[in-house]
Amino acid sequence: MDYAVLTGIILVAGVVTALIAQWRDWRPPLIVAILVGVVVRVLLMFTAAHDSWQPVDFVESFKPAGEAVLNGQDPVLASEGGWHFLPTIPYMYGILLWLGIPWEYAGRLVTVVADIVLIPLVAKLAGGPKASLRALQYALNPLALLVAAIHGQVEPVALVFGVAAFVVARGPGAPERVGVTTEIVTRVRRGVTVYGWRAALRRVLGPGGMLHRALLPGENDRADLRRGALAGLLMGLALCAKSWPIWLIPGMVLLLPNLRARIAALFMTGLVPLFFLVTLPIFAGTSLQQIPEVIKVIQDIRPIVGEWGWTPQLTQGNWSLEPTMAKIGTYLIYACVVGAVLLWRRADPIDLTTAVLLIFMVVTPRLGAQYLLWFMPFLVARPTRFAWPAIIGVSVWSAYGYLYMTQFGDNDWWLLHADWSRASIVLLPVLLVAMPWGRRNPTAPPLAEPIEPAGPARVSSPV
């Protein structure tokens, strides 16, 4: 990488500024935070576009996908399986290439614009008097700068739609802490204790029961349905960019005000990816007979491990196709995510989402540095006690790979990679303690008043 020193100086200066802003409690106007974000991202995009080093997937996967769309071909099949997602982003690539913008700029322009839009969205997500501070801190986030402006990875596109879905779902007011679903579960438990299983289920599921009443139109039904549908539309677009935003759906659903809005959101979330899939013959030149093959390629994820966390310790720090490790890691992810949802079920849905994404990073068997951006907008918007050690830790680890290891040829790169990937295990406990442990139940009832000790018992004398 030719501009490693300049890039490193910008990243360090950004972190120092963000920490000073935290210490001094700076709250600049939101437009200042956005302008700062624009300046640093455009500068890094310019240097990255003129660099002799270009990321392998940026050249060999993303560019062929955009060229396939430009040529009226399916980006999943035409790029020999290099693109494993729906063609939403390749459509953007194709438009920019059609406009004559060089690929080194066109490929990064999509992610840089998305990451700039994320700055005010983080402010909206944070809310309160420190919203502009959080926007400035995300504008200077070193990992976001590396992923969006240097690598051109598409995580910011998925995040901009996912975070926007959260902002819409929350709406103008504070989210309800105990929603319809929690109330139904509570009523079932209470009913089972008092009436037994059958009677309890009739009171919830029968005619005139809680579920029936929850589905009836309410006072603000149209507004709530529009809110749920728009949030679902945005989340569906996030899933069209990449598949991982599925982990954001529980938080979005819990932010919505009632069951009808949640059903509308889930319906739209599924409808949008389906629309992009069935319209492949119109926009991407895919034949109807090829659609099953496209679905197979999208679902086909090779079990490559050895980049991050616990798997490099077993592969000597090298990439390896290990189906057994990948399967164990997948089961770990499911179990830990379910555990996080249960532990944070009463918390603010943003904190629940942060917990889910962080525990994913701790137990996942496979990871690219860009994955670590998933939790950044949420952790920056609602920082925990150890948020900044986690942010700085993963940024330093990623920057070592982006800026230092790219100075070497293939043989030396692989030697450095072995130590780099194994060193990532040091970050797992940091991410673990950065989870919002103190905000699992923000609405816990106050402690009961202490009971006054009773006086000595009176013993009536026998008569």
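Helices here are DSSP runs of H or I with at least four residues, numbered from the N terminus. On that basis, α5 is followed by Gly 100, a residue whose phi is positive, near 90 degrees. The model is a predicted one, and what follows looks at α5 and its packing partner, then at the salt bridges, and lastly at a stretch of α20.

Helix α5 covers residues 88–98, and helix α3 covers residues 56–70. Two packed helices are described by the angle between their axes and the distance between the axes. For this pair, the axes come within 7 Å and cross at roughly 70 degrees. Since angles of 65 to 115 degrees count as roughly perpendicular, α3 and α5 are therefore roughly perpendicular to each other. On the α3 side, the contact is made by Phe 62, Ala 65, Gly 66, Glu 67, Val 69 and Leu 70. Pro 90, Tyr 91, Tyr 93, Gly 94, Leu 97 and Trp 98 do the job from α5. Sorted by type, the residues of this contact come out as nine nonpolar, two polar and one charged.

How much of α5 is tucked away? Eight of its eleven residues are buried, so α5 is largely enclosed by the rest of the structure. The buried set consists of Thr 88, Ile 89, Pro 90, Tyr 91, Tyr 93, Gly 94, Leu 96 and Leu 97.

Turning to charged pairs, the structure holds six salt bridges. One of them joins Asp 25 to Arg 27, with the closest N and O atoms 2.9 Å apart. Both ends see some solvent-accessible area: Asp 25 is partly exposed at a relative accessible area of 32%, and Arg 27 is partly exposed as well, at 40%.

Glu 155 and Lys 242 form another salt bridge, and here the closest N and O atoms are 3.0 Å apart. This pair links distant parts of the chain, 87 residues apart. Glu 155 belongs to helix α9 (residues 155–170), while Lys 242 is in the loop between α13 (221–241) and α14 (249–255). Glu 155 and Lys 242 are both buried.

A further salt bridge runs between Asp 351 and Arg 382, whose closest N and O atoms are 2.7 Å apart. Asp 351 lies in helix α20 (residues 349–363) and Arg 382 in the loop between α21 (376–381) and α22 (387–404), so the pair ties together parts that are 31 residues apart in sequence. The acid is buried, as Asp 351 has a relative accessible area of 2%. Arg 382, on the other hand, is partly exposed, with a value of 24%. Nor does the pair stand alone: Asp 351, Arg 382 and Arg 439 are linked in a network of salt bridges.

Helix α20 also contains Thr 354 and Ala 355. With buried meaning under 20% relative accessible area, Thr 354 counts as buried at 1%, and Ala 355 does too, at 0%. Setting aside neighbours within four places in sequence, Thr 354 is in contact with Phe 378, Leu 379 and Pro 436. Ala 355, with residues up to four places away likewise not counted, touches Ala 340, Trp 344, Met 435 and Pro 436. Pro 436 thus turns up as a partner of Thr 354 and of Ala 355. Finally, Ala 355 and Val 337 are 18 residues apart in sequence, and their C-alpha atoms are 8.4 Å apart in space.

Key. Residues are numbered from 1 along each chain as its sequence is written. This is a predicted model: local features need pLDDT of at least 70, side-chain atom pairs count only at pLDDT 80 or more; totals for chains, interfaces and linings use all residues. Side-chain values use heavy atoms; hydrogens and water are left out. Axes are lines fitted to C-alpha atoms, for helices over the stretch in contact, and angles run from 0 to 180 degrees between N-to-C directions. Helices (H or I, at least four residues) and strands (E, at least two) are DSSP runs, numbered from the N terminus. Angles under 35 degrees count as roughly parallel, over 145 as roughly antiparallel, 65 to 115 as roughly perpendicular and the rest as oblique. Contact means heavy atoms within 4.5 Å. Ala, Val, Leu, Ile, Met, Phe, Trp, Tyr, Cys and Pro count as nonpolar, Asp, Glu, Lys and Arg as charged, and the others, Gly among them, as polar. Buried means under 20% relative accessible area, exposed over 50%, partly exposed in between (1.4 Å probe, protein chains only). A salt bridge is a side-chain nitrogen of Lys or Arg within 4 Å of a carboxyl oxygen of Asp or Glu.
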